[in-house]
Amino acid sequence: APRQLEDLAVLGGRPAFVQPRHVGRPNIGDRAQLHARIEGALERGWLANDGPLIAEFEDRVCDLVAAEHCVAVSSATVGLQLVARALDLTGEIVMPSFTFIGTAHAFTWLGLTPVFVDIDPATHNVDPAAVEAAITKSTSAIVGVHVWGRWCDVDALEAIADRHGVPLILDAAHALATTDRGRLVGAGGRAEVFSFHATKVAGAGEGGAITTDDGELAHRLRRMKNFGFAGYDRVVSGGTNAKMPEFSAALGLTSLDALDEFVALNLRNHDRYAHGLAGLPGVRLVEFEPGERHNWQYVVAEIDEPGLRDALVTVLHGERVLARRYFAPGCHLMEPYGREGAVRLPATEAVADRVLVLPTGTSISEDDIDTICAIIRLAVEHHEHLLDRLAP
Ligand code: T4K
């Protein structure tokens, strides 16, 4: 680890790591088991369209959520789109700006208009009062996002959705295997949509899962993900191709087999970061409610000093630590949405300027974390000098 500013790679020193350390390395699980599953699919000659691995994957996700039905899809983004189509949404969708761009794009791509609202800076989750204030006659749904796996205020959002007669859809991309006040994720709103992208706590390479208690909706989603087919050659609705392939289900099942192990490692990593950054002024880790289940997939620091978060990203990338600024600058300021005179969302913008997402997961060791914390500590403790040195 660097001991003085001059040791930092951005100031001419040698990078602390030879191989990059990533935020989202895939959690694979038992490779022999994965190979066996893939071999089985090859033997069967059945690679897509509701093969046995997909059925097993959907059952397994059902065991991990509160909902009765699970529909596997090709990604969370496409999952959100299927839900929007199955619910016949038109017009405006009220949603937080502080989320991955995929949440917004999913709806825009269908010709819907996202109306971005602000968050509670303490939780990074959408502010229900802001949601209610944004509802108009054109609103056709509310989208809540469980950012970092911490639940948004589902009860408040459901009450608002009911009052205005619109559905609530939950983007649970981050929230697999989490609880809130003892309730298991998956049965909130009309549907919850999980991501099984390679960077998630359990991954399928690409993949997603929609969970719902609404059997009729699940039935429609199943048809729509397969071109609207209701039987061998009968098409009864519009549809698309949103099917997860068997190989992805093989990856998904194998990583779900080891989910408890991944979560335990993530927790160990989180605690190591908390220890390594403790007492560092102006630096806080996003904390999770004690007594609830979390997957700890995101280690999120907030850096108070203006400009220092970006300097830390530059410093860390120099050391080959590929920390991320999710979800800066907020969807509402991203090019496709940030038109002249666009809305301003002060809490979103402030949080987006502060967040620094750090590497965790099975590929990060405790030694790695000690080194990363030492780099951050050095940079923060000498930030005035550092910011001067990095100034153009
Ligand atoms: N809603 C929310 C709240 C989300 O966060 C997301 C996705 C979605 C919806 C949509 O879900 P999906 O449609 O993707 O199922 C990544 C992921 O691609 C994305 O899934 C995720 N959220 C987002 C937070 O992170 P990028 O643009 O940062 O990806 P990328 O390629 O830069 O990868 C991130 C890090 O992971 C890099 O350091 C490289 C490393 N990596 C990545 C892949 C794919 C690996 O080491 N191996 C890999 O195979 O978006």
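# Why the terms apply: ligand, domains and single residues

Modeller: Domain 1 (5-26 + 258-323 + 359-390) and domain 2 (31-257) both contribute residues to the shell around the ligand, so the ligand lies between them. These domain bounds come from an automatic or database domain assignment. The model is a predicted one, in which local features need pLDDT of at least 70 and side-chain atom pairs count only at pLDDT 80 or more, while totals for chains, interfaces and linings use all residues. Residues are numbered from 1 along each chain as its sequence is written.

Biologist: Which of the residues around the ligand come nearest, and what makes a residue part of that shell?

Modeller: A residue belongs to the shell if its C-beta atom, placed from the backbone, lies within 6 Å of the molecule; there are 23 such residues, and Gly24, Ala76, Thr77, Phe100 and Ser195 come nearest. Two elements, helix 3 (76-86) and helix 4 (101-108), each give two or more residues to the shell, where helices are DSSP runs of H or I with at least four residues, strands are runs of E with at least two, and both are numbered from the N terminus.

Biologist: How does the shell around the ligand divide by class?

Modeller: It has nine nonpolar, twelve polar and two charged residues, with Ala, Val, Leu, Ile, Met, Phe, Trp, Tyr, Cys and Pro counted as nonpolar, Asp, Glu, Lys and Arg as charged, and the others, Gly among them, as polar.

Biologist: What makes helix 3 count as mostly covered?

Modeller: A residue is buried if 20 or more other C-beta atoms, placed from the backbone, lie within 10 Å of its own, exposed if 12 or fewer do, and partly exposed in between; by that rule ten of the eleven residues of helix 3 are buried, including Ala76 and Thr77. The buried residues of helix 3 pack against several elements, among them strand 2 (69-73), helix 4 and helix 7 (215-224). After helix 3 comes Asp88, with a positive phi near 60°.

Biologist: Why do Ala177 and Arg181 count as buried or exposed?

Modeller: Ala177, in the loop between strand 8 (168-171) and strand 9 (179-180), has 23 C-beta neighbours inside 10 Å and therefore counts as buried. Arg181, in the loop between strand 9 and strand 10 (183-184), has 10 such neighbours and therefore counts as exposed. Neither residue is a glycine, and each takes a positive phi, near 60° for Ala177 and near 45° for Arg181.

Biologist: Why does Glu261 count as buried, exposed or partly exposed?

Modeller: Glu261, found in helix 9, has 14 C-beta neighbours inside 10 Å, a value in between the two cut-offs, so it counts as partly exposed. Its C-alpha atom is separated by 9.0 Å from that of Gly29, although the two residues are 232 apart along the chain.

Biologist: How do you know that domain 1 touches domain 2, and which helix gives the largest share of that side of domain 1?

Modeller: Two residues are in contact if their C-beta atoms, placed from the backbone, lie within 7 Å, and 16 residues of domain 1 are in contact with 18 residues of domain 2. Helix 9 (residues 259-277) gives the largest share of the side of domain 1, four residues, and that side divides into nine nonpolar, five polar and two charged residues. The centres of the two domains, taken over C-alpha atoms, are separated by 30 Å.

Biologist: What span is expected of helix 1, and what does the model give?

Modeller: The expected span is 1.5 Å times one less than the number of residues; helix 1 (residues 31-44) has 14 residues and reaches 20 Å from its first C-alpha to its last, close to the 20 Å expected. Gly45, just after helix 1, takes a positive phi of about 65°.

Biologist: Which peptide bonds are cis, and where do they lie?

Modeller: The bond from Tyr326 to Phe327 is cis, with omega near -5°, and the bond from Ala328 to Pro329 is cis, with omega near 0°. Phe327 lies in the loop between strand 15 (321-322) and helix 11 (346-354), and Pro329 is also placed in the loop between strand 15 and helix 11.

Biologist: How do you know that the radius of gyration of the chain agrees with that of a compact globule?

Modeller: The globule rule is 2.2 Å times the number of residues to the power 0.38, with the radius taken over C-alpha atoms; for 392 residues a compact globule would have a radius near 21 Å, and the chain has 22 Å, which agrees.
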